[in-house]
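Trainee: Could we go through this structure together before I return to the bench?
Mentor: Certainly; please bring it up and ask as we go.

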Amino acid sequence: MITLIVEIAIVGFIDYQIDVYRIAAELKNGIPPPPNYISTYSLDKVATASFVIVAYFIVNPLMILLITKYVLFVHEMKFLWIFAIYGYSFTIFMITIILIVIPIDWLRWVFLGVSGVTGCFFIISEIYFIMKGLL
């Protein structure tokens, strides 16, 4: 989880630097920046992203645990198992965060979508495997 937060901070800074150099090159060639253009890099955004990621890593496994215990009635399921599965499902996002530096918006969404589907498939298949063994 900490690695993901650090990667977000590093990639955000790299994206900011790319943006600054692109605007500088356009200004050098006589192209004005877009109207209302402001490019800033703030550590406040990193702190907010850290809080969101930590909350995301605690609330979602807890909800999965509650669903498996009280909807699917698998009472032997443990929070630590789900937390570990959930954490491992996010390893694909480390690659995605690096690829998000590519400045094509629709391609960024494709990377995020593929990573989300891959992570979701991993979670479902692992929890199904555990539930199959417990039942």
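**Salt bridges, helix packing and single residues**

Mentor: Let us start in helix α5, where aspartate 105 and arginine 108 both lie, 3 residues apart, or about one turn of the helix. The model is a predicted one.

Trainee: What do aspartate 105 and arginine 108 form?
Mentor: Aspartate 105 and arginine 108 form a salt bridge, with 3.7 Å between the closest N and O atoms. In general, side chains of opposite charge can pair when their charged atoms come close.

Trainee: Is aspartate 105 buried or exposed? And what about arginine 108, buried or exposed?
Mentor: Aspartate 105 counts as exposed because its relative accessibility is 53%, the cut-off being over 50%. Arginine 108 has a relative accessible area of 18% and is therefore buried, since buried means under 20%.

Trainee: How many salt bridges are there in the whole structure?
Mentor: A search of the whole structure finds 2. Besides the pair in α5, glutamate 26 forms a salt bridge with arginine 22, and their closest N and O atoms are 3.4 Å apart.

Trainee: How far apart are glutamate 26 and arginine 22 along helix α1?
Mentor: They are 4 residues apart in helix α1, so about one helical turn separates them. Glutamate 26 is partly exposed, at a relative accessible area of 23%. Arginine 22 is also partly exposed, with 39%.

Trainee: Changing topic: which element has the lowest mean pLDDT, and which the highest?
Mentor: Among the elements of the chain, α1 has the lowest mean, 78, and helix α5 (residues 105-134) the highest, 89. The chain as a whole averages 83, and 94% of the residues score at least 70.

Trainee: On to packing. At what angle do α4 and α5 pack?
Mentor: The angle is about 180 degrees, and the axes of α4 and α5 are 10 Å apart. These two helices are therefore roughly antiparallel to each other.

Trainee: Which residues make that contact?
Mentor: On the α4 side they are Ile92, Phe93, Thr96 and Leu99; α5 contributes Phe111, Leu112, Ser115, Gly116, Thr118 and Gly119. By class, the contact of α4 with α5 has 5 nonpolar, 5 polar and no charged residues.

Trainee: And how do the axes of α3 and α4 cross?
Mentor: The axes of helix α3 (residues 79-89) and helix α4 (residues 91-99) cross at roughly 25 degrees and come within 4 Å. The two helices are therefore roughly parallel to each other. Gly87, Tyr88 and Ser89 of α3 make the contact with Thr91, Ile92 and Phe93 of α4. That contact of α3 with α4 has 3 nonpolar, 3 polar and no charged residues.

Trainee: Two single residues, then. Where does threonine 68 lie, and what does it touch?
Mentor: Threonine 68 lies in helix α2. Not counting residues up to four places away in sequence, threonine 68 touches Phe73, Val74, Met77, Ile82, Ile127 and Met131. Threonine 68 counts as buried because its relative accessibility is 3%.

Trainee: And where is tyrosine 37?
Mentor: Tyrosine 37 lies in the loop between α1 (2-28) and α2 (43-70). With a relative accessibility of 28%, tyrosine 37 counts as partly exposed. Leaving aside neighbours within four places in sequence, tyrosine 37 is in contact with Asp19 and Ile23.

Trainee: How far is tyrosine 37 from isoleucine 8?
Mentor: Their C-alpha atoms are separated by 22 Å, and the two residues are 29 residues apart along the chain.

Terms used. Residues numbered from 1 in each chain as written. Predicted model: local features only at pLDDT ≥ 70, side-chain atom pairs only at ≥ 80, totals over all residues. Heavy atoms only, no water. Buried < 20%, exposed > 50% of the residue type's maximum accessible area, 1.4 Å probe, protein only. Contact = heavy atoms within 4.5 Å. Axes fitted to C-alpha atoms, helices over the stretch in contact; angles between N-to-C directions. Parallel < 35°, antiparallel > 145°, perpendicular 65-115°, else oblique. Nonpolar A, V, L, I, M, F, W, Y, C, P; charged D, E, K, R; others polar. pLDDT = per-residue confidence, 0-100. Salt bridge = Lys/Arg side-chain N within 4 Å of Asp/Glu carboxyl O.
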